[in-house]
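Trainee: Could you take me through a single part of this model in detail, and then set that part against the rest of the chain?

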Amino acid sequence: MDIRKVRENLGRIKLYYLKGETSRALGAAVMALKELTKAGASLSTDLRAPLREGVQLLARDKDVKRLYKAPLIYQPGQERALLVVLAKVYKQMEDEAGREDRKEAFARKQRLDQAIGLGRRLLEQGKVSEADASFQEALTHYRNEHRAFQLIGKALLDADQPRRAVPYLKKAMELEPGNSVARELLQSAQNRAAASPLV
């Protein structure tokens, strides 16, 4: 479990919600919960607070209330059940948003490209954590631009961050199993990660 990413995503729930971006807030909650439930560990107290606060905010949202009629409540130990509920509401909300028109798609793709570009520049300056946050921001604009994962993974690999590159490149391979470039990059990242000492 990548605890740093979990914390970042939990923090983004409130951030996006307060900006009026309920769908992105739900997406951040779903990503955090997926990581948490995948690990199967019990949730520490410092993670429960932002999760509880995020769920309380989402529970107030009119669209969430409309799509999920029952009260939305977080109970410690029920993270998997909460994930199922939030993922369903998130999917319904995304489905309702429907297909983008050409202008919206262009604007979204520009935001994705800009965030990846910023991440690369931050890597060049040695600001790895800030770059990773920018890459996470980029992926909030992702819809079906599968090569984004390869681009991010390569940028991290080029910046001598093979461990951070591996998850992105694995996702690139998952989305495009026949992508030989992503396969070679993933192999290289895994080899370099295994050879470098843990810091």
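Mentor: What follows is a close look at one helix, its packing partner, and the nonpolar cores of the chain.

Please keep in mind throughout that this is a predicted model. The part I would choose is helix α6, which covers residues 102-124. Its length can be checked first: at 1.5 Å a residue, the 23 residues of α6 should span 33 Å, and because the end C-alpha atoms are 33 Å apart, the expectation and the model agree. Just after α6, Gly126 adopts a positive phi of about 80 degrees, and helix α7 then takes up residues 128-139.

The two helices pack at an angle of about 170 degrees, with their axes 8 Å apart. Angles over 145 degrees count as roughly antiparallel, and α6 and α7 are therefore roughly antiparallel to each other. On the α6 side, the residues that meet α7 are Leu112, Ala115, Ile116, Leu118, Gly119, Arg120, Leu122 and Leu123, while α7 contributes Val128, Glu130, Ala131, Ser134, Phe135, Glu137 and Ala138. By character, the residues of this contact divide into 10 nonpolar, 2 polar and 3 charged.

Burial adds to this picture, since the buried residues of α6 are Ala105, Arg108, Leu112, Ala115, Ile116, Gly117, Gly119, Leu122 and Leu123. An α-helix has 3.6 residues a turn, so residues three or four places apart point the same way. What covers the buried residues of α6 includes α7 and also α8, at residues 147-158.

Turning to the cores, the largest nonpolar one has 29 residues, and those with the most contacts inside it are Leu51, Leu58, Leu72, Leu82 and Leu86. The elements that give two or more residues to this core are α1, α2, α3, α4 and α5, and α2 gives the most, with 8 residues. Apart from this core lies another, of 26 residues, and Leu112 of α6 is among them, as are Val166, Leu169 and Met173.

Those last three residues lead to Leu186, which is found in helix α10, residues 180-195. Leu186 has a relative accessible area of 12%, and because buried means under 20%, Leu186 counts as buried. Leaving aside neighbours within four places in sequence, Leu186 is in contact with Val166, Leu169, Lys170 and Met173. The C-alpha atoms of Leu186 and Met173 are separated by 8.3 Å, although these two residues lie 13 residues apart along the chain.

Methods:
Residues are numbered from 1 along each chain as its sequence is written. This is a predicted model: local features need pLDDT of at least 70, side-chain atom pairs count only at pLDDT 80 or more; totals for chains, interfaces and linings use all residues. Side-chain values use heavy atoms; hydrogens and water are left out. Axes are lines fitted to C-alpha atoms, for helices over the stretch in contact, and angles run from 0 to 180 degrees between N-to-C directions. Helices (H or I, at least four residues) and strands (E, at least two) are DSSP runs, numbered from the N terminus. Angles under 35 degrees count as roughly parallel, over 145 as roughly antiparallel, 65 to 115 as roughly perpendicular and the rest as oblique. Contact means heavy atoms within 4.5 Å. Ala, Val, Leu, Ile, Met, Phe, Trp, Tyr, Cys and Pro count as nonpolar, Asp, Glu, Lys and Arg as charged, and the others, Gly among them, as polar. A nonpolar core is a set of buried Ala, Val, Leu, Ile, Met, Phe, Trp, Tyr and Cys residues joined through side-chain atoms within 4.5 Å. Buried means under 20% relative accessible area, exposed over 50%, partly exposed in between (1.4 Å probe, protein chains only). The expected span of a helix is 1.5 Å times one less than its number of residues.
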